[in-house]
Amino acid sequence: MRSKTSLLLIALAALLTLTLPDLQPCVSQGDGVRIDKLLVCEVVRGLGDYVERADGIFNVGEVLYVYVEVQARGRGTNAMHSYDLSLSLTIVNPLGLAFKRVDDSYRYQCELPMLRLAWWVPLNLSYDSYTFSGPYMVVVEVVDRATGEGARSTTFFRVLNGLSPVVRYEVTETVKIVNQDLGSGCKITSLYLAVVPSLRPYQSVVEGPSFSLEPKGFVVDGHGNTYAVFENLEVPAGGEVVIITKYVVDVRSVKYLDCNNGRGISADAERYLRPSRYVESDHPSIVATAKSLAEGLNRTIDKVFAVLRFVVDYLEYDPSTPSRASAVEAYESRRGVCEQYARLFTALCRAMGVPARVARGFGLLSLEPDVVHRADSLHAWAQFFAQDYSWIPVETQSYELFGLTPLRHIILTWGEDPTNVDGLELSPVPLSLQYVGGSPRVEMLMTYTVRFLNESFELGRAGTSMTLYAPSTCALGSSIKIEGRLEPALANVPIEILVESPSGKQMSYTALTDALGCFEVSFVADENGTWIVRASWRGNAFYGESQARAEVVVASGATGGFLTPPREPEEQARPIVALDLGLLAAICVIVCVSVIAALVLRRA
């Protein structure tokens, strides 16, 4: 009887292993190819010659190696055997995005019917490569391209002292105007200096601007950029004028891969669908390429990624490119600097119906903390409009971190076309001036330090609003479904809901918002009269609290009123249904095995 019991327990454990999720490192193998080792090492010298990091913990500043040993069966019946393998590595960071991807291949002919080989990939853990603190998952796949057989293996490592999702920059911006004319003075009649904006949730000005020379005032151009205005600055012959501005700016790495076509394009964003200066989105070559890239794609995020990959792979960085070269000139020459990458990206997005615009500011900043850094040149990248998140910045010279707003950029201005400001055609650039006499040269420099912040740090908060959608009337005994939406769309926000019956009985619920900021709750109306529903969110470090209220009249014989749903719930429900069915199947298997075990043990 003890033997039968042991066998049944082993069978039950095997079924549990098959039906419940596996949270440990896993390996899947084929007959013709297998992964014998997948290790995270501190040193690798060759096949079988490595030093494994036993605890799998690394610090920023170190180099780790992902080491793979593969065994494969050759093809061929004669003396020679051929091998044709593809190898791929994906490392997923703590935020759930691909941190590094490497694809490789191996082709070889030899007399051995079985071959053992090693493959390793170094990984430099640096701040500037966006190394966040936390656990990383490593996934390796090897495929025999001749037979289609493959093997897959997974392991993990952890990084300490890495980036946090929020970085604080303490910035000193210095503008120096030097009069190169040694014989006569220069008068700066007007100088427009862009002010660092707050662009929630990814860029927040915590302090500043604080000016060493007070401006005459501030103006806003037609794109929404804000400028400090300085007038009648006298620069003596051979002399200089210096304006120092200080800020404290928090930049947050926001994950935006969940955005979709949502609520439509705002009137402000529609202007960035049209061609503009340097962004010829209606050019035949641009239109044809955009059409080809968008083929078969429906989601905005997929179209944008297709454009980004094309631009990064298509253009070659050439520092000799004139900064005024347009998107079409970059397309035809296949060369450019940051401006041309941003303009071609913007033009292709517009041509496929996605609003986009060029952004400028201080970019590609160093993220090493507690060091004084210097940035003496401006950078250009882009923003695209995603209906769920408004304007999203994206670095147009790399797609490795697509899905996160860049931590290394501080936006100053956006747009291409000049707009009229106080009778002056002002271009949307970080600095512009008008002068009389002399020969002024402008130097712009930023020095800054970096600190990493905890998520709990309190910032000035943006406002939110909440709307409830409820039937006006409902029949006694029926189920009432209340749907709501939080604006702006914030995912995984807990909404507290209090339902009060006509007799004063109260029921409380908590609902989480989805990626569109939507939530819902249902309850049974067992009393005639007016039911009151109150929903509230307490807010967080970035957004303020909000509330909403709705009433439903319940009466015997009522047929129900009008309900305005804020979304299509079917699309949101499918993943949950799939998960529930999988869990249900696992439970059924466990119950069946338990019943069989009980019957066998009883007979024994």
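In the predicted model, I482 has V521 of strand 33 as its bridge partner. This bridge accompanies the pairing of strand 30 (residues 479-487) with strand 33, which is antiparallel and extends over seven bridges. Both strands belong to an open sheet of three strands, arranged in the order 28-30-33 with antiparallel pairing. Strand 28 (465-469) and strand 33 (518-524) form the edges of this sheet, each pairing on one side only. From one strand to the next, the twist averages 20°.

Further antiparallel pairing involves strand 34 (residues 529-537). Strand 31 (residues 494-500) pairs with strand 34 over five bridges, and the bridge partner of E496 in strand 34 is S536. Strand 34 also pairs with strand 35 (residues 546-555), again in the antiparallel sense, over nine bridges. Here A535 has A548 of strand 35 as its bridge partner.

Among the helices, the arrangement of helix 4 (residues 300-314) and helix 6 (residues 338-351) was examined. The axes of helix 4 and helix 6 come within 10 Å and cross at roughly 145°. The crossing of helix 4 past helix 6 is right-handed. On the side of helix 4, the contact is made by V304, V307, L308, F310, V311, V312 and Y314; on the side of helix 6, Y341, L344, F345, L348 and C349 take part. Classified by residue type, this contact has 12 nonpolar residues, with no polar and no charged residues.

The nonpolar interior was then considered. The largest nonpolar core has 78 residues, of which I91, V140, F157 and Y169 touch the most other members. When neighbours within four places in sequence are left aside, the contacts of Y169 comprise Y247, V248, V249, V251, L365, L367, L407, R408, I410, Y448, T449 and V450. A second core of 33 residues is separate from the largest one, and I301, Y314, Y341 and L348 are among its members. Three of these residues also appear in the helix contact described above: Y314 on helix 4, and Y341 and L348 on helix 6.

Several features of the backbone were also noted. The peptide bond linking G208 to P209 is cis, with omega near 5°. P209 lies in strand 13 (residues 203-211). Positive phi values in residues other than glycine were found at L364 and D370: phi of L364 is near 55°, while that of D370 is about 60°. L364 is located in the loop between strand 19 (356-362) and strand 20 (373-375), and the loop between strand 19 and strand 20 is likewise the place of D370. The two residues fall into separate accessibility classes. The relative accessibility of L364 is 44%, so this residue counts as partly exposed, since that class lies between the limits of 20% and 50%. D370 counts as exposed because its relative accessibility of 66% is over 50%. Residues L365 and L367 are among the contacts of Y169, a residue of the largest nonpolar core.

Notes. Residues are numbered from 1 along each chain as its sequence is written. This is a predicted model: local features need pLDDT of at least 70, side-chain atom pairs count only at pLDDT 80 or more; totals for chains, interfaces and linings use all residues. Side-chain values use heavy atoms; hydrogens and water are left out. Axes are lines fitted to C-alpha atoms, for helices over the stretch in contact, and angles run from 0 to 180 degrees between N-to-C directions. Helices (H or I, at least four residues) and strands (E, at least two) are DSSP runs, numbered from the N terminus. A crossing is left-handed if the near helix is turned anticlockwise from the far one by less than a right angle, and right-handed if clockwise. Contact means heavy atoms within 4.5 Å. Ala, Val, Leu, Ile, Met, Phe, Trp, Tyr, Cys and Pro count as nonpolar, Asp, Glu, Lys and Arg as charged, and the others, Gly among them, as polar. Buried means under 20% relative accessible area, exposed over 50%, partly exposed in between (1.4 Å probe, protein chains only). Two strands pair if DSSP finds at least two bridges between them. A nonpolar core is a set of buried Ala, Val, Leu, Ile, Met, Phe, Trp, Tyr and Cys residues joined through side-chain atoms within 4.5 Å.
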